[in-house]
Amino acid sequence: MWTPTAQRSRRARRPYPVRTVTTRSQCRPSVRFERLPAEVFHMILDRLSGLLFKRCTLLLPTKDRLKLISSMFSQIPCFKLEECTAAECLGFYSYGVFLKTMISGWDEVEWHRVFNFLCSFTNLLPKIKMAVTGKPGVSWYLELQLRLFCRQVLLDPWPCKDTLFWLTRILKPWPVVLQARLLFILYGPLLPDSTLAWQGMVEREMSHSALWNLARVIVLLYSNLDLKDWTTDTMQTILEELIVLPEVWHMENVARLLVLCGNTVCYSILANKAHNGQLRQVSRLIVHIILVCEKDGYCMNSVVEMVHQVCQSFNNTSERFTFIQSLEDMFSEVTMEVYEFVTAGNHHEDMGQTLWSLVKSSAHFHAKFLYMFLKNE
């Protein structure tokens with residue numbers, strides 16, 4: 001029996017904190033995880049559920065495990081495309097952590113089943129088709145949702161080798177031109193309002209940081225060309241399609257992307273164009289690569305070496321001289337274009353700075369280029 005003192009002591013205790021996680025009897029059919037405190041959400045999904053679910057279903061075949069995941073997650077809008085409206089929702093990120101914990105150690109055949117399950121569960125392929133066949137930027141929310149889902153659930157949580165598996169699964173169903181569109185949706189630069197910078201690539205320079213993710217994934221694909229149905233020609237075609245989306249890109253953006261991709265990718269593109277007779281395009285691109293190196297503070301030695309490699313790839317002295325002459329003519333042409341723009345009364349501070357950088361870059365490049373030949377005598 002409670003004594004009066006015990007009853008007073010019980011009444012004097014501090015009340016329990018207000019509960020923020022609803023019980024099963026209180027919750028609605030659709031559970032939204034943004035109501036949970038962030039630390040509880042991370043604890044449940046990041047640290048416990050994936051490993052616990054993996055151990056509890058250890059003896060079940062993959063098909064049954066995936067059915068259980070589907071039955072659990074189908075009630076959570078945060079795990080579905082275009083169903084959660086909460087800003088900065090953690091759903092896709094936590095789904096990715098859960099999935100990685102769950103399937104780590106599974107073989108490739110089981111991973112294929114997981115991808116097919118995810119496509120079915122999220123209706124992924126029809127949504128991708130809608131995004132990549134429509135006018136760029138019109139379905140901006142769908143583009144953003146696809147980017148978040150694919151990046152946070154399938155691509156970003158994994159090391160490079162595994163990222164490549166998921167990325168090729170996402171890209172493979174589509175023709176090359178749509179693969180380029182999809183790569184931009186997944187890794188292209190975002191504007192402050194979280195929309196993709198489709199027009200920004202056409203109209204103005206984009207920063208080093210804005211293009212970094214796109215360059216990183218191109219390098220990843222280029223470094224694994226031993227994959228079936230994935231060749232150098234495939235990647236070159238994807239790049240050619242990429243730099244005209246939705247129209248021809250600002251030339252400095254093309255040059256900056258290639259600089260970020262490194263000499264191997266850059267040389268591959270330039271040499272391919274040169275041997276297809278596109279000397280003017282190659283020369284203009286090289287001039288802007290040199291300009292970007294000057295603006296962004298990259299060492300000019302790597303550009304000089306790359307131009308030398310392109311030059312040496314021609315069969316004879318006559319072809320090499322034609323290439324060098326085309327490059328020198330393009331330096332003059334681009335310099336005059338910028339100069340005329342500035343002197344025509346177009347008071348554009350960036351173009352004035354570009355003219356100055358162009359003159360300096362030409363001087364630095366030619367000094368390094370001549371030194372290379374003098375050094376080899």
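Here is a walk through this structure, from the overall picture down to single residues.

Keep in mind from the start that this is a predicted model. The protein has 377 residues, and 44% of them count as buried. Its secondary structure is quickly told: 18 helices and zero strands. To get a feel for how the chain folds back on itself, take the contacts between residues at least 6 apart in sequence: 69% of these join residues at least 24 apart.

Let's start with helix H6, which covers residues 124-133. Which of its residues are buried? They are Leu124, Lys127, Ile128, Ala131 and Val132. These residues sit on the same side of H6, because they cover an arc of only 125° around the axis. As for what lies over that side, the cover includes helix H5 (108-122), helix H7 (140-155), helix H8 (160-171) and helix H9 (176-187).

Just before H6 comes a residue worth a look. Asn123 lies in the loop between H5 and H6, and its phi is positive, about 60°, although Asn123 is not a glycine. Most residues other than glycine have a negative phi, and that is the background to keep in mind here. Is Asn123 buried, exposed or partly exposed? With a relative accessibility of 40%, Asn123 counts as partly exposed. Ser194 tells a similar story: no glycine either, it has a positive phi of about 70°. You'll find Ser194 in the loop between H9 and helix H10 (200-203), and at a relative accessible area of 31% Ser194 is partly exposed.

Now step over to helix H7, where Glu143 lies. Glu143 carries a charge by class, and yet it is buried, at 2% relative accessibility. What does Glu143 touch, once residues up to four places away in sequence are set aside? The list is Ala131, Pro136, Gly137, Ile185, Leu196 and Trp198. Ala131 is a name you have already met, as one of the buried residues of H6. Leu196 is 53 residues from Glu143 along the chain, but the C-alpha atoms of the two are separated by 8.0 Å.

Further along the chain, look for empty space inside the protein. Rolling a probe the size of a water molecule over the atoms shows where such space is left. The structure holds one cavity of 30 Å³ or more, and the volume of the largest cavity is about 70 Å³. Around the largest cavity you'll find Leu239, Glu240, Ile243, Val254, Leu257, Leu258, Ile269, Lys273 and Leu285. Three elements give two or more residues each to this lining: helix H12 (232-242), helix H13 (251-261) and helix H14 (263-275). H13 has the largest share, with three residues. Sorted by class, the lining has seven nonpolar residues, two charged ones and no polar ones.

Between two of those helices the backbone does something of its own. Pro246 lies in the loop between H12 and H13, and a cis peptide bond joins Leu245 to Pro246, with omega about -5°. For comparison, most peptide bonds are trans.

H14 deserves a stop too. This helix has 13 residues and reaches 18 Å from its first C-alpha to its last, close to the 18 Å expected at 1.5 Å a residue. Its buried residues are Val265, Cys266, Ser268, Ile269, Leu270, Ala271, Lys273 and Ala274. Ile269 and Lys273 also appear in the lining of the largest cavity. What do the buried residues of H14 pack against? Their partners are helix H11 (208-222), H12, H13, helix H15 (279-296) and helix H16 (300-312). After H14 comes Gly277, with a positive phi near 80°.

The last stop is Thr354, found in helix H18, which spans residues 349-375. Thr354 is buried, at a relative accessible area of 5%. Leaving aside its neighbours within four places in sequence, Thr354 is in contact with Glu205, Glu252, Leu291, Lys295 and Val338. Val338 is 16 residues from Thr354 along the chain, and 7.7 Å separates their C-alpha atoms.

Definitions and conventions
Residues numbered from 1 in each chain as written. Predicted model: local features only at pLDDT ≥ 70, side-chain atom pairs only at ≥ 80, totals over all residues. Heavy atoms only, no water. 1 Å grid on protein atoms, 1.4 Å probe; cavity = no way out; pocket = protein on both sides within 12 Å on 5 of 7 lines; lining within 4 Å. Points joined across faces, edges and corners; volume = space filled by probe spheres on them. Helix = DSSP H or I, 4+ residues; strand = E, 2+ residues; numbered from the N terminus. Buried < 20%, exposed > 50% of the residue type's maximum accessible area, 1.4 Å probe, protein only. Arc of directions from axis to C-beta. Contact = heavy atoms within 4.5 Å. Expected span 1.5 Å × (residues − 1).
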